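Subject: Structure handover and findings

Hello,

Here is the structure for your own work. The notes on what was found in it follow below.

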Amino acid sequence: NEIIKQLVLDMIAKRSDQKDIIVGIGPSIGSCCYDIPKDRADMFIAKFPQWQKFILKRDRKLFFDLSKVAKDQLHGLGILKENIEDADYCTFDHEDIYSYRREGENFGEMMGIIGIKNS
């Protein structure tokens, strides 16, 4: 649903300057573990052809790089590279954090915070 794009566009509409927007990408499943079926890959590519470069082939499986998709979208919206910090922490690999892929439907929850600082 292009949530990142919509959020940044909303911030810009509220008079935020892209060069002042700071983004933190929190823990998420990494491309090391986020394997997807071919039909899901085809769906992504049909809707977002430019995302093909984020679908990696390894060991006869397809893996999706969510973090790079997020960074690509942010850069495309004018967010400065130095204003993006990526936790680079795979939720599937680390048992100290919740993972739907690892734990199934009884996984815990995480929360993200989005805000605009009034100046």
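Is Lys38 buried or exposed? Lys38 is exposed, because its relative accessible area is 55%. Please keep in mind throughout that this is a predicted model.

Salt bridges

Side chains of opposite charge can pair when their charged atoms come close. The count for this model is five salt bridges, and three of interest are described here.

Lys38 is part of one of them: its side chain meets that of Asp42, with N to O at 3.0 Å. Both residues belong to helix α2, which covers residues 38-47, and because they are four residues apart there, about one helical turn separates them. Asp42 has a relative accessible area of 36%, so it is classed as partly exposed, whereas Lys38 at 55% is exposed.

Another salt bridge links the side chains of Lys71 and Asp86, again with an N to O distance of 3.0 Å. Lys71 lies in helix α3 and Asp86 in strand β5, so this pair ties together parts that are 15 residues apart in sequence. Lys71 is partly exposed, with a relative accessible area of 26%. Asp86 is partly exposed too, at 23%; the cut-off for buried is under 20%.

Glu2 and Lys5 form a further salt bridge, in which the closest N and O atoms are 4.0 Å apart. The cut-off for a salt bridge is within 4 Å, which is worth knowing if you apply your own criterion. Glu2 is partly exposed, with a relative accessible area of 29%, and Lys5 is partly exposed with 31%.

The second largest pocket

This pocket has a volume of about 180 Å³. Its lining consists of 16 residues; Gly30, Ser31, Ser67, Asp86 and Asp88 are the ones that lie nearest its centre. Asp86 thus appears both here and in the salt bridge with Lys71. Which helix gives the most to the lining of the second largest pocket? It is helix α3, residues 66-76, with four residues. Sorted by class, the lining has six nonpolar residues, five polar ones and five charged ones.

The sheet

Strands of a sheet pair through backbone hydrogen bonds, either parallel or antiparallel. In this model three strands make an open sheet, in the order β2-β4-β3, and the pairing is antiparallel. The edges are formed by β2 (35-36) and β3 (55-58), each of which pairs on one side only.

On one side, β2 is joined to β4 (residues 61-64) by two bridges, and the two strands run antiparallel. Ile36 stands opposite Leu62 of β4 there.

How many bridges pair β3 and β4? There are four, in the antiparallel sense. Across this pairing, Leu56 stands opposite Phe63 in β4, and Arg58 stands opposite Lys61 in β4. The two strands form a hairpin with two residues between them. One residue in that turn, Asp59, has a positive phi of about 50°.

Two loop residues

Thr91 sits in the loop between β5 (84-86) and α4 (100-103). Is Thr91 buried or exposed? Its relative accessibility is 6%, so Thr91 counts as buried. The side chain of Thr91 also reaches the backbone nitrogen of Ile29, at 3.2 Å.

Pro49 is placed in the loop between α2 and β3. Unlike Thr91, which is buried at 6%, Pro49 counts as exposed because its relative accessibility is 52%. As a long-range distance for checking your copy of the coordinates, the C-alpha atoms of Pro49 and His94 are separated by 31 Å; these two residues are 45 apart along the chain.

Regards

Note on methods:
Residues numbered from 1 in each chain as written. Predicted model: local features only at pLDDT ≥ 70, side-chain atom pairs only at ≥ 80, totals over all residues. Heavy atoms only, no water. 1 Å grid on protein atoms, 1.4 Å probe; cavity = no way out; pocket = protein on both sides within 12 Å on 5 of 7 lines; lining within 4 Å. Points joined across faces, edges and corners; volume = space filled by probe spheres on them. Nonpolar A, V, L, I, M, F, W, Y, C, P; charged D, E, K, R; others polar. Buried < 20%, exposed > 50% of the residue type's maximum accessible area, 1.4 Å probe, protein only. Polar contact = N/O pair within 3.5 Å; in protein donor to acceptor, adjacent residues only side chain to side chain. Pairing = 2+ DSSP bridges.
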